[in-house]
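Q: I would like to learn how to read helices, a pocket and a single residue in a model. Where do we begin?

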Amino acid sequence: MKTVFEIAHAVQNGTLTAREAVFEALCKIKELNPQINAFVEVWPEEALRRAEEIDARRARGEKLGPLAGVPVGIKDNILYKGHKATCCSKMLANYVAPYNSTVVNKLLAADAVIVGRTNMDEFAMGSSNQTSVYGPARNPVDFDRVPGGSSGGSAAAVAAGMVPAALGTDTGGSVRQPASFCGVVGVKPGYGRISRYGIVAFSSSADQVGVLAGDVQSAALMLEVLCGRDENDSTSLEDAVPAFSQNFTADIKGLKVGMPKGFLDELDPQIKEKILAAAEKLKGLGAQLVDIDVPHAKYSAPCYYVITSAEASSNLARFDGIRYGFCDKTAQNLNDEYELDRAPFGPEVKKRILIGSTALRAENYAECYLQAVKVRELIKQDFARAFEQVDVILTPTSPTTAFRLGDHADNPLAVYLADLYTCQGNIGGLAGISVPCGNDPLGLPVGLQFYGPILQEEKILNAAYHFEKAL
């Protein structure tokens with residue numbers, strides 16, 4: 001399939017119709033989705049009708065948007081008016097969005113064509129896409145392996161060529177880690193760059209909409225469309241949005257790339273080899289490798305799980321069967337109603353709610369939640385000091401390549417540690433991008449991650465773009 005850039009330019013120039021682009025995507029989905037389960041629902045008639053409207057507008061001489069005719073998938077926690085948004089949970093099995101999320105409005109305004117909703121871990125809680133009520137999505141590289149999570153369906157859809165780009169959400173690496181597992185590009189801008197209005201919340205202080213695409217330039221173009229201030233989201237930033245896809249420099253000579261001390265010490269040797277080779281490639285392109293220290297980053301994972309679980313326990317309290325969510329009509333009293341109405345939550349969601357509720361109890365608050373918030377501030381300060389010395393920071397995206405479906409079923413800690421390198425970006429509010437940097441001996445993709453300061457996404461995009469070109 002063509003890239004986002006290629007499709008949009010071809011439709012704008014008249015060498016390709018939007019209908020042709022969308023029809024190709026729908027054919028790919030029909031062919032491959034039964035095996036991969038990347039999409040949980042597809043809207044073919046609506047997508048083709050919208051594509052034909054775009055073609056008709058072009059025929060009338062109207063100017064088309066920057067994503068003209070580009071088929072896009074959206075994660076199942078992103079609201080699209082009149083369409084289901086279930087978060088891949090029984091709790092929201094019949095929920096139909098009453099309004100559009102801001103990111104959907106921006107896609108439609110840019111003349112993209114949304115073709116369906118993609119699979120995900122239930123309520124975005126998981127790192128493997130195995131907690132979905134629709135069953136797991138599968139990695140297109142190896143159907144017996146996970147695509148990563150929680151945006152595994154979006155990553156798998158792009159990797160399989162079903163769509164050239166898809167939206168995900170990233171709370172602790174849920175865009176970048178599946179991008180690494182599936183061998184595509186995944187980017188999370190700094191916190192507040194993209195509006196969260198109309199996104200079903202997991203952890204409000206860490207959630208961020210992100211993009212999965214086949215190449216860096218396409219991801220950059222998607223970010224141009226999605227970023228910007230939104231009056232419906234008080235946490236969205238007012239700063240101007242650069243033309244990310246047009247701002248790539250001629251080279252990266254003199255770019256200072258931070259290499260955090262200790263980050264590779266216990267890494268799988270096969271992944272470590274790829275990361276070190278990538279660093280040398282960057283050096284060969286003219287970048288400077290600089291040793292840096294972010295001493296508190298090692299506490300990111302426990303800090304992340306305490307804070308996000310606490311926020312999840314609060315955010316999910318609304319799903320009580322009275323205002324939102326499943327309602328069991330057999331309940332005889334209020335206690336039964338709460339117990340029965342919250343039963344549809346899956347085990348992983350219940351686990352996070354319990355962790356969060358425990359951390360927020362009066363007797364635990366200071367020792368658990370408040371302590372995690374303090375550590376979060378130390379991590380932010382570490383990265384702020386690091387960015388006084390360097391332009392970007394290089395890390396692995398994940399400590400492993402894609403593991404097999406069912407692996408770690410009895411060891412949830414091993415799955416949680418899949419976010420080891422990515423949750424730092426959410427805790428620190430950083431911009432992060434994962435770009436493929438080769439394959440391990442089994443042919444499984446390995447991801448390289450660049451971190452950059454908030455409001456400086458162009459730095460990580462530029463570094464990733466030149467590294468991608470040099471592969």
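A: We begin with contact, which means heavy atoms within 4.5 Å. The model here is predicted. In that sense of contact, what covers the buried residues of helix α12 includes β8 (288-292), α9 (300-315), α11 (347-360), β9 (392-396), α14 (423-428) and β11 (445-452).

Q: Which residues of α12 are buried?

A: An α-helix has 3.6 residues a turn, so residues three or four places apart point the same way. In α12 the buried residues are Y369, A372, V375, R376, I379, D382, F383 and A386. Buried here means under 20% relative accessible area.

Q: How far apart are the end C-alpha atoms of α12, and what span should its 21 residues have?

A: The 21 residues of α12, 366-386, should span 30 Å at 1.5 Å a residue, because the expected span is 1.5 Å times one less than the number of residues. The end C-alpha atoms lie 29 Å apart, which agrees.

Q: How many residues of helix α7 are buried?

A: Nine of the 11 residues of α7 (216-226) are buried, and the helix is mostly covered. The buried set is V216, S218, A219, A220, L221, M222, L223, V225 and L226.

Q: What is found at the ends of α7?

A: At the N-terminal end, D215 acts as a cap, with a side-chain oxygen 3.4 Å from the backbone nitrogen of Q217. After the helix comes G228, with a positive phi near 130 degrees.

Q: Why is α5 described as largely enclosed?

A: Seven of the eight residues of α5 (152-159) are buried, so the rest of the structure largely encloses this helix. Those residues are G152, G153, S154, A155, A156, A157 and V158. Just after α5, G161 has a positive phi of about 80 degrees.

Q: Is R138 buried, partly exposed or exposed, and what does R138 touch?

A: R138 has 29% relative accessibility, so R138 counts as partly exposed. This residue lies in the loop between β3 (113-118) and α5. Leaving out residues up to four places away in sequence, R138 touches Q35, I36, F143, D144, R145, P147, A156 and L405. Its side chain reaches the backbone oxygen of F143 at 2.9 Å.

Q: What lines the largest pocket?

A: Rolling a probe the size of a water molecule over the atoms shows where empty space is left. The largest pocket holds about 440 Å³ of space. Of its 18 lining residues, G262, F263, K298, L420 and Y421 are the closest to the centre. By class, the lining has 10 nonpolar, two polar and six charged residues.

Methods:
Residues are numbered from 1 along each chain as its sequence is written. This is a predicted model: local features need pLDDT of at least 70, side-chain atom pairs count only at pLDDT 80 or more; totals for chains, interfaces and linings use all residues. Side-chain values use heavy atoms; hydrogens and water are left out. Helices (H or I, at least four residues) and strands (E, at least two) are DSSP runs, numbered from the N terminus. Buried means under 20% relative accessible area, exposed over 50%, partly exposed in between (1.4 Å probe, protein chains only). A polar contact is a pair of N or O atoms within 3.5 Å; within protein, one must be able to donate a hydrogen and the other to accept it, and residues adjacent in sequence count only if both atoms are side-chain atoms. On a 1 Å grid over the protein atoms alone, a cavity is a set of points where a 1.4 Å probe fits but cannot get out, and a pocket is an open set with protein on both sides within 12 Å along at least five of seven lines; lining residues have an atom within 4 Å of a point. Grid points are joined across faces, edges and corners, and a volume is the space filled by probe spheres set on the points. Ala, Val, Leu, Ile, Met, Phe, Trp, Tyr, Cys and Pro count as nonpolar, Asp, Glu, Lys and Arg as charged, and the others, Gly among them, as polar.
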